[in-house]
2 protein chains.
Amino acid sequence: MKTINLIGWGNVAYHLFSAINNLNNYKIQNIGVRSLEKIDDFFALNLLVQIDDLKPADITLIAVLDRAIEEVAEKIPYKNKLVVHTSGTTAIDVLNNKNRKGVFYPLQTFSKNKEVNFKEVPLCLEAENDSDLNELKLLANLLSNNVYEISSDQRKSLHVAAVFVSNFTNHLYTIGNKICTDNNISFNILKPLINETADKIRYLSPKEAQTGPAIRFDSKTIEKHEDFLKNPIFKEIYKLITQSIQQNV
Amino acid sequence: MKTINLIGWGNVAYHLFSAINNLNNYKIQNIGVRSLEKIDDFFALNLLVQIDDLKPADITLIAVLDRAIEEVAEKIPYKNKLVVHTSGTTAIDVLNNKNRKGVFYPLQTFSKNKEVNFKEVPLCLEAENDSDLNELKLLANLLSNNVYEISSDQRKSLHVAAVFVSNFTNHLYTIGNKICTDNNISFNILKPLINETADKIRYLSPKEAQTGPAIRFDSKTIEKHEDFLKNPIFKEIYKLITQSIQQNV
């Protein structure tokens, strides 16, 4: 039985906890947090300790905000153990030298109120030596069918790409929702379209899948749409993405 | 048995043809096109005629580029029949007065190489009188489980919303793909994230589902990402959508 310490209790930590908790050969020893009073999750309650009080574990997974990783890694009260962070955008060497370093980055968008099939979550791994990398692969392969070895540089670019295809895409959904609400239309009408747009790229490259007035250079429709949009930033987004689609033909 | 004339042979016409072709009570009488030599689809070949040669049908569905609708409607060689267009962005009155007017707008993104489950395609209907509206509803309800009555004004705003959540979203996928390719990463790593982002809004509003550096006001990460992006228009899109996410909190 291998032991795991999890540090943090945000969206990523929560979903990692749920997934690891289902494994037979691994045990979550403790969940380290900076401040005990913030936690109200019954399930995890008896595992909670202050980070300073953590006991050594085979693997320590740090799942806190990017800017807190360095400080948290420093606070860990043991050394010569494998300590990994889960951030898409943080270099491996931000971790403290007293422990062996690694990265265990789940490339997925997590919300506490939405279940995720962890088997499909791509896990991007990095470590300083082969034996630690194998240790991470062993765990990762039990959790997911999509395990990749990704360097710090690749991970950095992957994270930028992820912001575009996920965070920014979701904001476009928010804009669509707002336009519907403002015009007494149910946002539900758009949901099949949203799903189909995502589904399509399983079969076509996004470039092949591009449709709409911009790619058709349908300037009459584009002009009508720009006139329709009163919110200045939405109008600006419309213009800029239209221009980008037309440049990339 | 009701008869249908379909005019056009683009993506929308093709998918309408396939869906209507499966119905028992409707028959595609002819497919009207402006130029016969452009068509190489074996399946539809024996139904093709020039628009001028179309015989009257119970319903005529015009599925051509928006800018061609008016001209095509004028060319139809019969009158007092129900003639509808399938455009999200064209007013009903662009159709010619010699026939009864309607709209039959399938709110979906169609590519010829990708099958679509038509039962899930929202169909937005409009007609000038109740009996024509019922005629369209009869057909629409056989084709899809998502049939809506939508006015010309609502349809206009719906189409703008659709451009954001589908055409523009797809372009963000293209940007993500480009970043991956440029850094020797398989775009496949991003696909589960893309699917989850779309799936999430079945359970959460897009506003609730928003994650990422912008909504966390994580200026350190945002700055790193902006530095990383060398393509000026991608950088501009990054800045603008980040700003829009932060304004809409």
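**Exercise 1. Find which residue stands opposite A:Leu61 in β5(A), then place the pair in the sheet of chain A.**

Step 1. Look across from A:Leu61 and you meet A:Val84 in β5(A). Bear in mind that this is a predicted model, where local features need pLDDT of at least 70, side-chain atom pairs count only at pLDDT 80 or more, and totals for chains, interfaces and linings use all residues. As for labels, residues are numbered from 1 along each chain as its sequence is written, while chains are lettered from A and ligands numbered from 1 in the order in which they are written.

Step 2. Now zoom out to the strands: β4 (residues 59–62) and β5 (residues 82–85) of chain A pair in the parallel sense, over 4 bridges. Strands pair if DSSP finds at least two bridges between them. Strands themselves are DSSP runs of E, at least two residues, and helices are runs of H or I, at least four residues, numbered from the N terminus.

Step 3. Go one level up. The sheet in chain A is open, has 8 strands with mixed pairing, and reads β3-β2-β1-β4-β5-β6-β7-β8. Its edge strands are β3 (48–50) and β8 (147–149) of chain A, each pairing on one side only.

**Exercise 2. Work out which helices of chain A lie across β7(A), and at what angles.**

Step 1. Settle the angles: axes are lines fitted to C-alpha atoms, for helices over the stretch in contact, and angles run from 0 to 180 degrees between N-to-C directions. Contact here asks for C-beta atoms, placed from the backbone, within 7 Å.

Step 2. Take α3 (residues 130–143) of chain A: β7 (123–127) is among the strands this helix lies across, and the angle to β7(A) is about 165°.

Step 3. Then take α4 (residues 152–182) of chain A, which lies across β6 and β7 of chain A and runs at about 150° to β7(A).

**Exercise 3. List the buried residues of helix α1 (residues 11–21) of chain A and say what covers them.**

Step 1. Buried means that 20 or more other C-beta atoms lie within 10 Å of a residue's own, with C-beta atoms placed from the backbone (exposed: 12 or fewer; partly exposed: in between).

Step 2. In α1(A), that picks out A:Val12, A:Ala13, A:Tyr14, A:His15, A:Leu16 and A:Phe17.

Step 3. Their cover includes β1 (2–7), β2, β4 and β6 of chain A. For the whole of chain A, 49% of the 249 residues are buried.

**Exercise 4. Explain why one side of β3 and of β8 in chain B has no neighbour in the sheet.**

Step 1. Chain B has an open sheet of 8 strands too, in the order β3-β2-β1-β4-β5-β6-β7-β8, with mixed pairing.

Step 2. β3 (48–50) and β8 (147–149) of chain B sit at the edges with a single partner strand each, so one side of each is left without a neighbour.

Step 3. For a pair within this sheet, try β6 (residues 100–106) and β7 (residues 123–127) of chain B, antiparallel and joined by 5 bridges. There, B:Val103 has B:Glu126 as its bridge partner in β7(B).

**Exercise 5. Find which element gives the most to the side of chain A that touches chain B.**

Step 1. Start with the totals: 82 residues from chain A and 82 residues from chain B take part in the contact.

Step 2. Elements giving two or more residues on the chain A side are α4, α5 (191–200), α6 (206–209), α7 (219–228) and α8 (232–247).

Step 3. The top contributor is α4(A), with 24 residues.

Methods: Contact = placed C-beta atoms within 7 Å.
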